[in-house]
Amino acid sequence: MRIEQLEYVAAVTQHGSLRRASESLHISQPALSEAVSKLERELGVTLLDRRRTGARISRQGLDLLPDMVAVLDAVDRLRTSAGDQHNVSRTVRIGTVNAATSTLLVPASRDFQESAPNATVEVLNVQQAEIQQGLLEGSLDLGLVNLLAGDEPAHDLLGTALLHGRPVVVMPADHPLAAADEVSVDQLREERFVAMRAGYVMHRFAHRIFGSRLPRVCHTTDGAEMGKFMVSQGLGVTVLPDYSVAGDPLELAGLITARPIAGDATRVTLVLLQRKTDHVRAAVRDLHAALVAHARRLAA
């Protein structure tokens, strides 16, 4: 067994295919595949499920992944102690539904960078189901999702509540509805509406408040960031968690504003997800701690 064989399995798990893993590692795909196959024969298990659509870690591989990560983390610490910073890979992959990106994720990543200058953060903007699947398969280290009251993370995932809030109506700052203290659902129905695509919590929330009577004109988009930008350009109004709006650059610039929804008491929580495991890489722990610390400062 060689260290690079473990690194190859981790790379395939991270990138989702032998081709992308080989490109990332700058080795040929046949050489990578053969090295993993040799490790499989040595261990007597199938580590990867090889499919036409890509390679994913197998159930047996998933069970062994924490031990492989522990070995790689120990090697990283040894290399760091020896001063070999160039060979230390400390990339943390975090999936997000684009909630509180500018007010939480970016500042926390900056704090993480200052405390761990040799580490990197890779941010993927994906839907909640993809985040949970990526965490379970090991292709993601952390995930940021919105949960409504009663929602629970997938089995085998740990959730840390970061921010609590409520859905609000987001509109251009000069919109006529901005003159009111709150906006009714009937008023919303009369507006051009920017909806989140199916798979986002705010898509589910919008259908909850509108029922079968949706706004006559609806645009759809992926994630809060594009939704806020579309609102700022006069394409309509939308509903988002208040913590995704307060302190946002578009709000600070006076381009968008938010108002409560009349008669609605829904609570929404920004949750940090990670896979249940006995061993968590040091870089993942550090970014997790930075997110929690910054969320506490925001809440205060």
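Here are four short exercises on the structure above, each with a worked solution.

The model is predicted, so local features need pLDDT of at least 70 and side-chain atom pairs count only at pLDDT 80 or more, while totals for chains, interfaces and linings use all residues. Residues are numbered from 1 along each chain as its sequence is written, and side-chain values use heavy atoms, leaving out hydrogens and water.

**Exercise 1. Work out how many helices and strands the protein chain has, and what percentage of its residues is buried.**

Step 1: Let's start with the elements, which are DSSP runs numbered from the N terminus: helices are H or I with at least four residues, strands are E with at least two. The protein chain has 11 helices and 12 strands.

Step 2: Now for burial. Buried means under 20% relative accessible area, exposed means over 50%, and partly exposed is in between (1.4 Å probe, protein chains only). Of the 300 residues, 49% are buried.

**Exercise 2. Check whether the length of α11 agrees or disagrees with the expected span.**

Step 1: The rule is 1.5 Å times one less than the number of residues.

Step 2: With its 18 residues, α11 should span 26 Å, and its end C-alpha atoms are 26 Å apart, which agrees.

Step 3: Next, look at which residues of α11 are tucked away: among the buried ones are Ala283, Val284, Leu287, Leu291 and Ala295. Here's a handy rule: an α-helix has 3.6 residues a turn, so residues three or four places apart point the same way.

Step 4: The cover over the buried residues of α11 includes β3 (91–96), α5 (101–115) and β12 (268–275).

**Exercise 3. Decide whether His288 is buried or exposed, and find its partners.**

Step 1: Find His288 in helix α11, residues 282–299.

Step 2: Its relative accessible area is 15%, so His288 counts as buried.

Step 3: Skip neighbours within four places in sequence, and His288 is in contact (heavy atoms within 4.5 Å) with Leu142, Thr160, Leu272 and Gln274.

Step 4: The side chains of His288 and Gln274 also share a polar contact of 3.2 Å. That term means a pair of N or O atoms within 3.5 Å; within protein, one must be able to donate a hydrogen and the other to accept it, and residues adjacent in sequence count only if both atoms are side-chain atoms.

**Exercise 4. Do the same for Val36: is Val36 buried or exposed, and what does Val36 touch?**

Step 1: Val36 sits in helix α3, residues 29–43.

Step 2: With a relative accessible area of 0%, Val36 is buried.

Step 3: Not counting residues up to four places away in sequence, Val36 touches Tyr8, Val9, Leu48 and Arg50.

Step 4: Take Tyr8: Val36 and Tyr8 are 28 residues apart along the chain, yet their C-alpha atoms are separated by 6.9 Å.
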